Amino acid sequence: FLCLLLTISCLGCTGNKDSNLNDSQQINDNNQQGTSQKNEEFDKFLNELFIEEVTSDSITLHYTLKNPESYGIEPMDPTFGSLDLTEIDEEAAYLQETIDKIHTYEKSTLSEEQQLVYEILEEYLNLQKGSEGLEYYGTLFGNVSGVHNNLPITLAEYQIYKEKDIQ
């Protein structure tokens, strides 16, 4: 009985080598396709995050992209952003959603470049999360970086590409 069992197990191990190779190759190809799809999903997430951030106000959008339409971004009403304190909770929830979303991606399945972006973004988001509750520590009218100093510079450096940029 033991000899029969050993014989069957040995035959199973030495079966058709081409078949085993093809099965192994097919598994590897499927893993690569899955990884490729995850990489594409991560890139899509990054593009969506970029668009969300760059459209936070029209000044940021204008400084960042010369032709936002090429990124599928519709023209927006000119704003300087918002200082509404009721948005603090919304920003905290958005930050947590972004952290949760980035953690849905398994870093080891990403490309080397994507892993670096993942690490940098994760660190940035965690630093932002750590500053929750400290919103009042920043001042709008600081000696060096207050609105009264930055606004004239921002407007002086504002590039005018089309007449619509100043309307």
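Let's start at Glu-119, which is partly exposed, with a relative accessible area of 36%. The model here is a predicted one, and in it Glu-119 forms a salt bridge with Lys-107, where the closest N and O atoms are 2.9 Å apart. Glu-119 belongs to helix α5 while Lys-107 sits in the loop between α4 and α5, so this pair ties together parts that are 12 residues apart in sequence. Lys-107 has 30% relative accessibility and therefore counts as partly exposed.

How many salt bridges does the structure hold? There are 2 salt bridges. In the other pairing, the side chains of Glu-132 and Lys-129 meet at 3.3 Å, N to O. Glu-132 is partly exposed at a relative accessible area of 32%, and Lys-129 is partly exposed at 28%.

**Two helices with buried and exposed sides**

The table sets out the lengths of two helices.

| Helix | Residues | Expected span | C-alpha end-to-end distance |
|---|---|---|---|
| α4 (87-102) | 16 residues | 22 Å | 22 Å |
| α5 (112-130) | 19 residues | 27 Å | 27 Å |

For α4, the expected span rests on 1.5 Å a residue, and the distance between its end C-alpha atoms agrees with it. The end C-alpha atoms of α5 likewise agree with the span expected at 1.5 Å a residue.

Which residues of α4 are buried? They are Leu-95, Thr-98, Ile-99 and Ile-102. Looking down the axis of α4, these buried residues fall within an arc of 100 degrees, so they line one face of the helix. Asp-89, Glu-90 and Glu-97 are exposed on the other side of α4.

Helix α5 has its own buried set, made up of Gln-114, Tyr-118, Leu-121 and Leu-125. Seen down the axis of α5, they fall within an arc of 80 degrees, so they line one face of that helix. Turned away from the buried side of α5 is a face carrying the exposed residues Glu-112, Ile-120, Leu-127 and Gly-130.

**The nonpolar core**

In soluble globular proteins, nonpolar side chains tend to be buried together. In this model, the largest nonpolar core has 12 residues, among them Phe-42, Leu-95, Tyr-105, Leu-110 and Tyr-118. Helices α2, α4 and α5 are the elements that give two or more residues to this core. The largest share, 4 residues, comes from α2.

One core member to look at is Leu-121. Setting aside neighbours within four places in sequence, Leu-121 is in contact with Phe-45, Leu-46, Leu-49 and Ile-102.

**Two buried polar residues**

Thr-98, found in helix α4, has 6% relative accessibility and so counts as buried. What does Thr-98 touch, not counting residues up to four places away in sequence? Its contacts are Phe-45, Leu-49 and Leu-125. Thr-98 and Leu-125 are 27 residues apart in sequence, yet their C-alpha atoms are 7.9 Å apart in space. A polar atom of the Thr-98 side chain also lies 2.8 Å from the backbone oxygen of Tyr-94.

Where is Asp-57 placed? Asp-57 is in the loop between α2 (17-54) and α3 (58-64). Is Asp-57 buried or exposed? Buried means under 20% relative accessible area, and Asp-57, at 11% relative accessibility, counts as buried. The side chain of Asp-57 reaches the backbone nitrogen of Thr-60 at 2.8 Å.

Terms used:
Residues are numbered from 1 along each chain as its sequence is written. This is a predicted model: local features need pLDDT of at least 70, side-chain atom pairs count only at pLDDT 80 or more; totals for chains, interfaces and linings use all residues. Side-chain values use heavy atoms; hydrogens and water are left out. The expected span of a helix is 1.5 Å times one less than its number of residues. Buried means under 20% relative accessible area, exposed over 50%, partly exposed in between (1.4 Å probe, protein chains only). The arc is that of the directions from the helix axis to the C-beta atoms. A polar contact is a pair of N or O atoms within 3.5 Å; within protein, one must be able to donate a hydrogen and the other to accept it, and residues adjacent in sequence count only if both atoms are side-chain atoms. A salt bridge is a side-chain nitrogen of Lys or Arg within 4 Å of a carboxyl oxygen of Asp or Glu. A nonpolar core is a set of buried Ala, Val, Leu, Ile, Met, Phe, Trp, Tyr and Cys residues joined through side-chain atoms within 4.5 Å. Contact means heavy atoms within 4.5 Å.
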